[in-house]
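The following exercises concern pockets and their linings. Each task is followed by a solution in steps.

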Amino acid sequence: MIVMTPDATEEQVAAVRVKLEAVGVHVLVMPGELTTAIGAIGDPVGVGELGLEGMSGVDRVVPISRPYKLASSELAHHEPTSFMVGSHLVGGGETFTLIAGPCTVESREQTLAVARVVRDAGASMLRGGAFKPRTSPFAFKGLGLEALEILAEARAETGLPIVTELLDAAHADLLHEHADVVQIGARNMQNYALLEVAGKLGKPVLLKRGLSSSLDELLMAADYVLKEGNERVILCERGIRTYETATRFTLDLGAVPWLKIHTHLPVVVDPSHASGDRRLVEPLSRAAAAVGADGIIVEVHEDPEQALCDGPQALYASDFAAYAKNIAAHAALCGRRVA
Ligand code: PEP
Ligand code: MN
């Protein structure tokens with residue numbers, strides 16, 4: 001929509017019309033009491049690039065359609081997207097996906113022990129980082145290929161699909177071989193080249209919201225994956241930076257119902273990275289279920305005090321069965337079963 005200034009002349013309105021029609025945009029001129037508005041019906045990106053703001057008599061250009069296309073529930077999709085990961089149905093409104101496991105694969109024993117605990121408690125998938133994005137370059141960065149092999153062993157033993165992060169395009173082949181769901185971390189949500197690589201892998205992608213990203217930006221990032229022909233994208237709200245410092249990040253629970261309206265993609269919540277504090281993980285998980293999330297991705301460790309990464313937010317493995325039971329009950333209140 002192009003809004004003209006109150007003193008815009010007919011010639012100036014006509015000049016805008018000519019410019020729009022020259023690129024094949026359908027034009028609707030709407031004279032008002034004070035100002036004339038011009039509806040431009042067509043490709044919004046193309047219209048945005050015409051430089052109409054600089055034309056005489058133009059006050060402002062107001063985009064009406066949403067900037068994300070493939071992720072939007074406005075366009076092609078009206079039904080929520082759902083898909084299988086192994087034997088687990090993700091999205092679609094009837095299931096609740098419980099992804100649990102250590103922040104990082106530290107050893108075979110540690111990973112297999114947690115994998116057994118979360119499997120026995122009914123988790124849907126196992127999470128575990130092999131390549132870790134660390135804020136400091138001197139922190140533990142994960143075991144790499146060795147970790148992927150340990151995760152593969154955990155999958156073979158427990159039957160749980162593996163969720164693990166793609167940190168670098170150079171690891172794409174390794175992830176293709178070992179991951180069931182490719183995680184894109186918050187710090188890489190706007191790494192567009194990596195999103196395209198993830199899209200091309202042909203595996204479901206769990207896309208985390210950037211630390212300081214808006215929901216529009218999250219959905220445009222999802223478009224990068226979707227445009228590669230990969231429909232299987234799971235969005236993850238994991239907390240954002242705000243002025244509040246009491247929690248590690250601020251969990252934006254409102255994002256969940258907002259995303260449910262504006263996108264057809266499944267949405268999960270990460271209460272672990274959002275809070276940074278295991279005491280908050282269960283209440284936030286209950287809230288996530290209540291607000292309509294399609295699932296949770298949560299960190300669990302046998303001995304969090306010894307964890308090499310994110311110990312303070314990891315649930316004790318010994319508490320996990322009770323936690324899972326509680327979350328399943330809350331999901332059931334919203335008509336979902338953990339699957
Ligand atoms: C993670 O899930 O291991 C992780 C690093 O999370 P985030 O990218 O959300 O910080
Ligand atoms: Mn972590």
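**Exercise 1.** State the volume of the largest pocket and describe its lining.

*Solution.* The largest pocket holds about 400 Å³ of space. Here a pocket is an open set of points, on a 1 Å grid over the protein atoms alone, where a 1.4 Å probe fits, with protein on both sides within 12 Å along at least five of seven lines; lining residues have an atom within 4 Å of a point. Its volume is the space filled by probe spheres set on the points, which are joined across faces, edges and corners.
The model is predicted: local features need pLDDT of at least 70, side-chain atom pairs count only at pLDDT 80 or more, and totals for chains, interfaces and linings use all residues. Residues are numbered from 1 along each chain as its sequence is written.

Next, the lining comprises 20 residues, with Pro44, Val45, Pro63, Ile64 and Ser65 nearest the centre of the pocket. Two or more lining residues come from each of β3 (36–41) and α2 (44–48), and α2 gives the most, with 4 residues. Helices (H or I, at least four residues) and strands (E, at least two) are DSSP runs numbered from the N terminus.

**Exercise 2.** How do the residues lining the second largest pocket divide into nonpolar, polar and charged?

*Solution.* This pocket has a volume of about 220 Å³. Of its 16 lining residues, Pro133, Arg187, Arg248, His273 and Asp310 lie nearest its centre. The lining divides into 3 nonpolar, 4 polar and 9 charged residues, whereas that of the largest pocket has 13 nonpolar, 4 polar and 3 charged.

**Exercise 3.** Is Asp310 buried or exposed?

*Solution.* Asp310 lies in the loop between β14 (295–301) and β15 (315–316). Its relative accessible area is 16%. Asp310 is therefore buried, a term that means under 20% relative accessible area with a 1.4 Å probe and protein chains only, exposed being over 50%.

Definitions and conventions:
Chains lettered and ligands numbered in written order. Heavy atoms only, no water. Nonpolar A, V, L, I, M, F, W, Y, C, P; charged D, E, K, R; others polar.
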